[in-house]
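The following exercises concern charged side chains and their pairing. Please work through each task before reading its solution.

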Amino acid sequence: MLLNYQTKFDIGDTVFMMNNNRIYKTRINGIDFEAKVDNLQKVTLSVKYQINGLGITDDEYLFRTKEELVSELTKSKDI
């Protein structure tokens with residue numbers, strides 16, 4: 001089985017993220033892939049990004065610009 005996947009970010013990309021209520025500018029140090037196949041041959045893929053000095057996270061918490069991050073923070077969300 002050949003699996004091709006295009007990541008949102010590449011190793012070396014500069015990204016912005018929140019940590020302890022602060023905005024951080026950092027770099028992607030690595031990308032972890034995990035692929036699983038269930039009994040029905042359905043493939044599930046998990047992608048995590050290794051962040052310089054801040055651990056591992058999903059792409060939903062990473063932004064290309066500070067402005068994109070702030071825009072996401074200021075969106076109105078229903079509770």
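**Exercise 1.** How many salt bridges does the count come to?

*Solution.* The model is a predicted one. Side chains of opposite charge can pair when their charged atoms come close. The cut-off to apply is a side-chain nitrogen of Lys or Arg within 4 Å of a carboxyl oxygen of Asp or Glu. By this rule, the count is four salt bridges.

**Exercise 2.** Which residue forms a salt bridge with Glu34, and how far apart are the closest N and O atoms?

*Solution.* The partner is Lys36, and the closest N and O atoms are 3.9 Å apart. This distance satisfies the cut-off of within 4 Å. As to its surroundings, Glu34 has a relative accessible area of 43% and is therefore partly exposed.

**Exercise 3.** Where in the chain do Asp58 and Lys48 lie?

*Solution.* First, establish the contact: the two side chains form a salt bridge with an N to O distance of 2.7 Å. Next, locate the residues: Asp58 belongs to the loop between β4 (55–57) and α1 (66–73), while Lys48 belongs to strand β3 (residues 43–51). The pair, ten residues apart, thus links distant parts of the chain. Finally, consider accessibility: Asp58 is partly exposed at 22%, and Lys48 is partly exposed at 31%.

**Exercise 4.** Are Lys75 and Glu72, which form a salt bridge, buried, partly exposed or exposed?

*Solution.* In this salt bridge the closest N and O atoms are 3.1 Å apart. Buried requires under 20% relative accessible area, and exposed requires over 50%. Lys75 has 48%, so this residue is partly exposed. Glu72 has 28%, so this residue is also partly exposed.

Key:
Residues numbered from 1 in each chain as written. Predicted model: local features only at pLDDT ≥ 70, side-chain atom pairs only at ≥ 80, totals over all residues. Heavy atoms only, no water. Buried < 20%, exposed > 50% of the residue type's maximum accessible area, 1.4 Å probe, protein only. Helix = DSSP H or I, 4+ residues; strand = E, 2+ residues; numbered from the N terminus.
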